[in-house]
Amino acid sequence: MQAYLGIDVGSVSTNLVIQDQAGKIIAGLYLRTKGRPVETIQAGLQQIAQLLPEQLQICGVGTTGSGRYLAGVMVGADVVKNEITAHAVAASYFIPKVQTILEIGGQDSKIIILRDGIVTDFAMNTVCAAGTGSFLDQQASRLGIPITEFGNLALKSCNPVRIAGRCTVFAESDMIHKQQMGHPIPDIINGLCEALVRNYLNNIGKGKEILAPVVFQGGVAANTGIKMAFERALSMEITVPPHHDVMGAIGAAMLAKEELVDMHKTTRFKGFSISGLTYHTGSFDCNGCPNNCEIAQIYEEDNVIGRWGARCPRWDIIQEG
Amino acid sequence: MRKVTFPHMGESYRAFKMLLNDLGNEVILPPRPSLKTLNLGVQFTPEFACFPLKVLMGTYLETIEKGANTLVTTGGVGPCRAGLYSELHKKILHDLGHPIEMIVFEPPRLYPFNFIRNVHKLNPGRLSIKAIINCIKKGWRKLQALDNAEKLTHIIRPRELKKGTTTQKYKQVLEWIDNANTTSDIIEAEAAALEELHKIPQDHGRLDVKVGIVGEIYVLLEPTANLEIEETLGNLGVEVERSMFLTGWARDNTWKETVEGMTVKDAAHPYLPELIGGHGRDSIGNTVLYAKRKFDGIIQLAPFTCIPEIVARTILPAVSKDYNIPVLTFFLDEQTGKAGMNTRLEAFVDLMKRKKLKKQHQADILLPSGAII
């Protein structure tokens, strides 16, 4: 059986997906990156290899996410794509008529506008915690509530309190103020969900025409409190697709398939065995010019397989093939 | 003796160096802005000020270190704080114990005496008025030659067969123009430079995607301030046209190369009938003009906290909708991490390419083959 591998290396989670020729998801993994993308990719490959049926052949690999280049050189990717395109491709596969994609991940959030199947506009914030999953995570652990139950608790609220959402510093001090006044936790959590949605729509969604069908994906889509808050704010029905947390990886796998089938190429995938190799990373300052670029490099055993951070081609590695 | 320096804006320093030398000044060349420039600039400027103030401050401090004692810069009219930056720079530098002299050129049409006085200061050789005019003409010609070479790289880079050839060749031909010191030499060097660039092996069959770049002048003209966005786009296979070049900006209202012969001001009028300072109105007007010329997308570049560009940014979605052209905005600051910009640029290029392919083939190419529709 032939299948495609998609890897999405994000700041918070690393996701792997194996998709067969027909588009069915054979296996999917959602792992925490924990600041160690190299180890996580290796662990992910090892774990997913065990979930696969015998005689399955990987005939294409795509990588996406902020660690896509790193993952790309490690596994030998055929396609290295940005996460916006990957998310759009995956969403329009599951919901072909989709016109708006809301995506909230660990450290960034995006809105993607599609019309007639193609992306016409997008916006993305970077590491502004007000409006991303890591802030929810942080608040959940402060309140001692598992993040998986966070959304359900919000649904129990009967009287949401207003929490400032523009900045996490404001939000947190507001939450503490409301908690000390004696507001029940579900109300505060629901208030936080509404604040996050308000911030998302005002910031990322500003000036964008949000039309149905609306798809909500990314790790935060598991949070029903946020989903309901979106539905209330937009007065629209919102679909959370199956595999919402690994959509980027699915998109990467689909793009790999598109590339290889259309171009009649064979894969560069190095095999699951790379999880047994040693990788290490290092960095140095280039003194070639006053820019003093910080060059990061990754070694596979003793060979340098990738370098980043240069503003000129001096340290580029010529990729074979 | 004056040791003169000026802000670094792309390759224009080559022309200013020649002009100031011709007038008999010793010139301290501003270095290309680097991490050091940025660190110095950020350390000695108010945190809330915009990026150009910081980069220029860094540049001034670097050139003062090399012995510069006279800074030549431009002022400005209209409600944009950059017009006051020369004063602020001067105050900060004096406070730091650098007794530099600041020569500020205001728009000569509005302040002719300021212009004459400043030229007089920068004319230690006491050249005649006629000789000065000739020097300015020659400097202008060099500036044009530099702009023309740069414009050509924007067209050739996306089509080059071997990645990096254009950038490499461009560096080489810049030196030819740099070394030309008479008008006829400049014209000859320019012709040779353009010819050399044309010789780069190209693939003309590639999908042709064109992007117009609009925004604030400093971040448009100084590649280190915009993380070399034009080069990055060129490497992604995109032809760029920048709305502003020093030569074009200086001529300002003689905008004749547009299809409909309308000025940027007229084009912006339905959306923004007022001058709001900086280049906010130009950003809107140029977006309209590019859209009318059937460009595939617009990229707006703005320094973080730049009010004129923020105003333009909030109006651009309306232009984008009316003309059905995607617009992507980048706010630039001291952040040097390029990954975020690359992600957005790649996605933007994908967006434009797929839109264009769809128009060409009328086929649903977003869905990979075999996808269930």
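**Strands, core and contacts in a predicted two-chain model**

In this predicted model, A:Val215 sits opposite A:Thr239, a residue of strand S10(A). That pairing belongs to a parallel match between S9(A) and strand S10 (residues 238–239) of chain A, which is held over two bridges. To get from S9(A) to S10(A), the chain runs through helix H8 (residues 224–234) of chain A, and this β-α-β crossover is right-handed. S9(A) also pairs with strand S6 (residues 100–104) of chain A, again in the parallel sense, and here there are four bridges. Within that pairing, A:Gln217 of S9(A) is the bridge partner of A:Glu103.

Which way do the residues of S9(A) point? From this strand (residues 214–217), A:Val214 and A:Phe216 point one way, while A:Val215 and A:Gln217 point the other way. That fits a general pattern: in a regular strand, side chains alternate between the two faces of the sheet. Whichever way they point, all of these residues are buried. S9(A) is also where confidence peaks in chain A, with a mean pLDDT of 96, whereas strand S8 (residues 118–126) of chain A has the lowest mean, 85. Chain A as a whole averages a pLDDT of 88, and 97% of its residues score at least 70.

Next comes the nonpolar core. Nonpolar side chains tend to be buried together in soluble globular proteins. The largest nonpolar core here has 162 residues, and those with the most contacts inside it are A:Ile7, A:Ile112, A:Leu192, A:Ala253, B:Ile177 and B:Val211. Helix H9 (residues 247–263) of chain A gives this core its largest share, nine residues. To zoom in on one of the well-connected residues, A:Leu192 touches A:Gln139, A:Ile163, A:Ala171 and A:Met175, leaving aside residues up to four places away in sequence.

Chain B contains 15 helices and eight strands. Its radius of gyration is 22 Å, close to the 21 Å that the globule rule gives for 373 residues, so chain B is as compact as a globular protein of that length. Along its principal axes, the C-alpha trace of chain B spans about 75 × 45 × 40 Å. Of its 373 residues, 42% count as buried. Among contacts in chain B with a separation of 6 or more, 72% join residues 24 or more positions apart.

Is B:Asp178 buried or partly exposed? This residue, found in helix H7 (residues 165–179) of chain B, has 19 other C-beta atoms within 10 Å; a residue needs 20 or more to count as buried, so B:Asp178 is partly exposed. B:Asp178 and B:Tyr60 are 118 residues apart along the chain, and their C-alpha atoms are separated by 23 Å.

Now for where the chains meet: 29 residues of chain B are in contact with 30 residues of chain A. On the chain B side, helix H2 (35–43) and helix H15 (339–361) each supply at least two residues. H15(B) provides the largest share of that side, 11 residues. For the model, the scores are ipTM 0.84 and pTM 0.87.

How far can chain B be trusted? Its pLDDT averages 88, and 93% of the residues score at least 70. Confidence in chain B is highest in helix H8 (residues 183–198), at a mean of 96, and lowest in helix H11 (residues 246–251), at 70. Over residues 253–261 of chain B the pLDDT is below 50, and this stretch has eight contacts beyond near neighbours in sequence. Residues 363–373 of chain B also stay under 50, with 27 contacts beyond four places in sequence. Where pLDDT is low, the predicted coordinates should not be read in detail.

Terms used
Residues are numbered from 1 along each chain as its sequence is written. Chains are lettered from A and ligands numbered from 1 in the order in which they are written. This is a predicted model: local features need pLDDT of at least 70, side-chain atom pairs count only at pLDDT 80 or more; totals for chains, interfaces and linings use all residues. A residue is buried if 20 or more other C-beta atoms lie within 10 Å of its own, exposed if 12 or fewer, and partly exposed in between; C-beta atoms are placed from the backbone. Two strands pair if DSSP finds at least two bridges between them. A crossover is right-handed if, with the strands pointing away from the viewer, the path from the first strand over the helix to the second runs clockwise. pLDDT is the predictor's confidence in each residue, from 0 to 100. The radius of gyration is taken over C-alpha atoms; the globule rule is 2.2 Å times the number of residues to the power 0.38. Two residues are in contact if their C-beta atoms, placed from the backbone, lie within 7 Å. A nonpolar core is a set of buried Ala, Val, Leu, Ile, Met, Phe, Trp, Tyr and Cys residues joined through C-beta atoms within 7 Å.
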